[in-house]
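Biologist: I'm new to this one, so could you walk me through it?
Modeller: Sure, let's bring it up and go question by question.

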Amino acid sequence: MDFLISLGLFTSKSFILIALISFAFVFVITAIKQVKTEDNSLDEDKEKLVFTDLKQIFDDRKASIEEAIEEFDSSKDESLKKKEKKQKEKNSKKRIEDLKKQKTLLIENREKEGLFCPDRVFVIEFTGDTHASEVSTLIKKINTILDVATDKDLVILNLDSPGGVVNTYGLCSSQLQRLRDKNVKLTVCIDNVAASGGYLMACVANTIVAAPFAYVGSIGVVAQMPNFNKVLKKHDVDYEQVTAGKYKRTLTMFGENTNEAREKFKNELELIHNNFKNVVSKFRPSINLDEVATGEFWLASDAQKLGLVDEIDTFDAYLQKTLAYTKVCAIKIVVKKQEKKSLLSRLSKFMSVKAWTSSVANEVENRVFNKDNNLRF
């Protein structure tokens, strides 16, 4: 009898253990699916637009530093500081109104002088590499701006690029031309460099502002490659290349290049260079192309004399001045990219309470109700 009782207890414990393991296994699989589903939903849109009110930041910063100056002014005794602080708090509304009146007067005076005062300012950034990898985010920013912008608005592009691949930088330049086509004013600011493809973008702007020691220009095209034909011949290695079309390939890395091929390749570069010059000439017609389209670059302080740059200033200084006479708002647009999940972060998410509770709820729901049933807890 004792044996049967022991056997029954053992069987019961074994059944419970197997059941627990089975449920745990099901929950683990469900939780992994849940995490994977959430990650996939994020992957559908890996980029998110983020907007920052620069005008508000500017006003808050100015107010903060003014308060700090008053607080740390050693020429005033403590009782006077406290009295002035209370008076300031009491008159804060009046002070805000006074600032608004000052700004309104500044805008009126500028507009009387024929100077442009934007309703809204949109600030974007572009940092270029060889392949202009940020072209997709630039397109997203331009699309967003053109949804709302008018000829009363201003776009400020903070540009930093040494140039690179022809077609992608040509695409970047074309995206900026969309702003000009809609009569939206564009200012390009250059703190470091806008050369070659970078200048192809910059020249589209109504106004180019550059820091004194920024590199500007390099209106030219370059292509280079090594040739290993002599090395192959030295080791008795033949190289064969078959093409359909006389100029499908001109210069090659392994074949023996001909003068005809070199001339054809150079002509192709000249065609690209001419297109580059045409864009510069279209948006900056006063430039002497024979003088500047030599592939040279200049410091901005010298480039201004050649007409490549309009104003000498830094991006921050230009923005600060512009905010002072912007009528409505100044919005910085950033495209925030979704970070790729590491294995550690995935495991952490898998072990989170949310993942487990979701998996339990889904499992209960699937077991209690048929999947086709519309009933839900």
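Biologist: Let's start with R284: is R284 buried or exposed?
Modeller: Keep in mind that this is a predicted model. R284 has a relative accessibility of 7%. The cut-off for buried is under 20%, so R284 counts as buried.

Biologist: Which residue forms a salt bridge with R284?
Modeller: The closest N and O atoms of the pair are 2.7 Å apart. R284 sits in the loop between α9 and α10, and its partner in the loop between α11 and β8, so the bridge ties together parts that are 26 residues apart in sequence. The partner is partly exposed, with a relative accessible area of 33%. That partner is D310.

Biologist: How many salt bridges does the structure hold?
Modeller: The R284 and D310 pair is one salt bridge, and R120 with D153 makes another. Counting them through the structure gives seven.

Biologist: How many residues apart in sequence are the parts that R120 and D153 tie together?
Modeller: The salt bridge between R120 and D153 has its closest N and O atoms 2.8 Å apart. R120 lies in strand β2 and D153 in the loop between α5 and β3, so the parts they tie together are separated in sequence by 33 residues.

Biologist: And what is the relative accessible area of D153?
Modeller: Its partner R120 is partly exposed, at 24%. D153, on the other hand, is buried, and its relative accessible area is 0%.

Biologist: Which residue does K321 pair with in a salt bridge?
Modeller: K321 is partly exposed, at 49% relative accessibility. The residue it pairs with counts as buried at 14%. Their closest N and O atoms are 2.6 Å apart, and the partner is D313.

Biologist: Which residues are joined into one network by salt bridges that share partners?
Modeller: Side chains of opposite charge can pair when their charged atoms come close. Here, salt bridges with shared partners link up into one network, and its members are E111, D119 and K327.

Biologist: Moving to helix α12, why are its buried residues on the same side?
Modeller: The buried residues in α12 are F315, Y318, L319, T322 and L323. An α-helix has 3.6 residues a turn, so residues three or four places apart point the same way. The buried residues of α12 lie on the same side because the arc they cover around the axis is only 130°.

Biologist: How do α5 and α6 run: roughly parallel or roughly antiparallel?
Modeller: The two helices have their axes 10 Å apart. Residues that meet include L138 and I142 from α5, and L171 and C172 from α6. The packing angle is about 10°. Angles under 35 degrees count as roughly parallel, so α5 and α6 are roughly parallel.

Biologist: Staying in α6, which residues does Q177 touch beyond those up to four places away in sequence?
Modeller: Q177 is found in helix α6. At 15% relative accessibility, Q177 counts as buried. Setting aside residues up to four places away in sequence, Q177 touches V204, V279, K282 and F283.

Biologist: How far apart in space are L159 and I124, C-alpha to C-alpha?
Modeller: L159 is found in strand β3 and counts as buried, at 1% relative accessibility. Among the residues L159 touches are F126, V188 and M201. L159 and I124 are 35 residues apart in sequence, and their C-alpha distance is 8.7 Å.

Biologist: What is the phi of N183 near?
Modeller: Most residues other than glycine have a negative phi. N183 lies in the loop between α6 and β4 and is exposed, with a relative accessible area of 53%. N183 is not a glycine, yet its phi is positive, near 65°.

Biologist: Is S218, which also has a positive phi, buried or exposed?
Modeller: S218 has a phi of about 55° although it is not a glycine. S218 lies in the loop between β6 and α8. Its relative accessibility is 18%, so S218 counts as buried.

Biologist: Last one: what share of the 377 residues do buried residues make up?
Modeller: The chain has 14 helices and nine strands. Its accessible surface comes to about 24,700 Å², with 56% belonging to carbon and sulfur atoms. Of the 377 residues in the chain, the buried share is 32%.

Methods: Residues numbered from 1 in each chain as written. Predicted model: local features only at pLDDT ≥ 70, side-chain atom pairs only at ≥ 80, totals over all residues. Heavy atoms only, no water. Buried < 20%, exposed > 50% of the residue type's maximum accessible area, 1.4 Å probe, protein only. Helix = DSSP H or I, 4+ residues; strand = E, 2+ residues; numbered from the N terminus. Arc of directions from axis to C-beta. Areas by Shrake-Rupley, 256 points an atom, 1.4 Å probe, with all protein chains shown as cover. Salt bridge = Lys/Arg side-chain N within 4 Å of Asp/Glu carboxyl O. Contact = heavy atoms within 4.5 Å. Axes fitted to C-alpha atoms, helices over the stretch in contact; angles between N-to-C directions. Parallel < 35°, antiparallel > 145°, perpendicular 65-115°, else oblique.
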